[in-house]
Every structure is written in C-alpha cells, then in structure tokens.
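Biologist: Could you take me through one part of this model in detail? I'd like to hear about the sheet and what packs against it.

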Amino acid sequence: MNETLKDFVVGDSGRVLGFQAGGGAYRRKLLSMGLTPGVEIQVTRVAPLGDPVELRVRGTSLSLRRDEASVLEVERVG
C-alpha cells in the first residue's frame with residue numbers, strides 16, 4: 001500500500017516511490033536533498049507539534065515540513 005511520508009511515525013522505515021501529482025513546487029527541492037525514487041528513509045524524530053519531521057537519508061539527517069512530506073509517496077519497509 002502506498003502512503004505519503006506524513007503518515008509515518010518515529011521509527012518507521014520506507015522506500016521513496018515518487019511524488020504525488022500537484023507536488024511540483026517541492027519536487028525539485030526534495031530531489032536536490034537526495035529524496036530520489038528508490039532511496040530508503042527512516043523517520044528519526046517528529047517535533048512536539050508534528051512539524052517538522054526529521055529523516056535519516058543516505059547516512060545524514062534531513063528535516064522536512066509536513067506539507068513537503070505530504071507530496072512524497074513511500075512504501076513501508078521491514
């Protein structure tokens with residue numbers, strides 16, 4: 001089942017599948033941060049009010065706002 005990154009909680013891992021339609025405003029930014037299709041991610045922290053979300057991607061930490069995370073389609077892994 002495909003989900004968006006905003007559905008993940010701390011400790012969840014997944015693989016990027018692509019971007020939702022209408023997410024063009026964030027697509028280039030997310031790609032430049034290394035969030036390319038096929039890359040594995042893990043949610044490491046979520047701020048107390050739910051925004052931003054910290055991810056582990058390619059050995060580095062990355063923070064995304066919830067609206068950015070909502071355009072990233074992912075599948076759960078392990």
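Modeller: Here's a walk through the sheet, followed by the core. Keep in mind that this is a predicted model. Six strands make up an open sheet, and going across it the order is 1-6-2-3-4-5, with antiparallel pairing. At the edges sit strand 1 (3-4) and strand 5 (60-64), each of which pairs on one side only.

Let's zoom in on strand 2, residues 13-19. On one side, strand 2 runs antiparallel to strand 6 (residues 72-76), and five bridges link the two. Val16 has Val74 of strand 6 as its bridge partner, and Phe19 stands opposite Leu72 in that strand. Strand 2 also pairs with strand 3 (residues 40-46), again in the antiparallel sense, this time over three bridges. There, Arg15 is partnered by Glu40. As a general point, side chains in a regular strand alternate between the two faces of the sheet.

Now for the packing. The largest nonpolar core counts 18 residues, and Leu5, Leu35, Ile41, Leu55 and Leu72 have the most contacts inside it. Strands 2, 3, 4 (53-57), 5 and 6 each put in at least two residues, with strand 4 giving the largest share, three residues.

Leu35 is a handy place to see this come together. Setting aside neighbours within four places in sequence, Leu35 is in contact with Val16, Phe19, Leu30, Ile41, Leu55, Val57, Leu62, Leu64 and Leu72. Two familiar names in that list are Val16 and Phe19: Val16 is the bridge partner of Val74, while Phe19 is the one opposite Leu72.

Note on methods
Residues numbered from 1 in each chain as written. Predicted model: local features only at pLDDT ≥ 70, side-chain atom pairs only at ≥ 80, totals over all residues. Heavy atoms only, no water. Pairing = 2+ DSSP bridges. Helix = DSSP H or I, 4+ residues; strand = E, 2+ residues; numbered from the N terminus. Core = buried A, V, L, I, M, F, W, Y, C linked by side-chain atoms within 4.5 Å. Buried < 20%, exposed > 50% of the residue type's maximum accessible area, 1.4 Å probe, protein only. Contact = heavy atoms within 4.5 Å.
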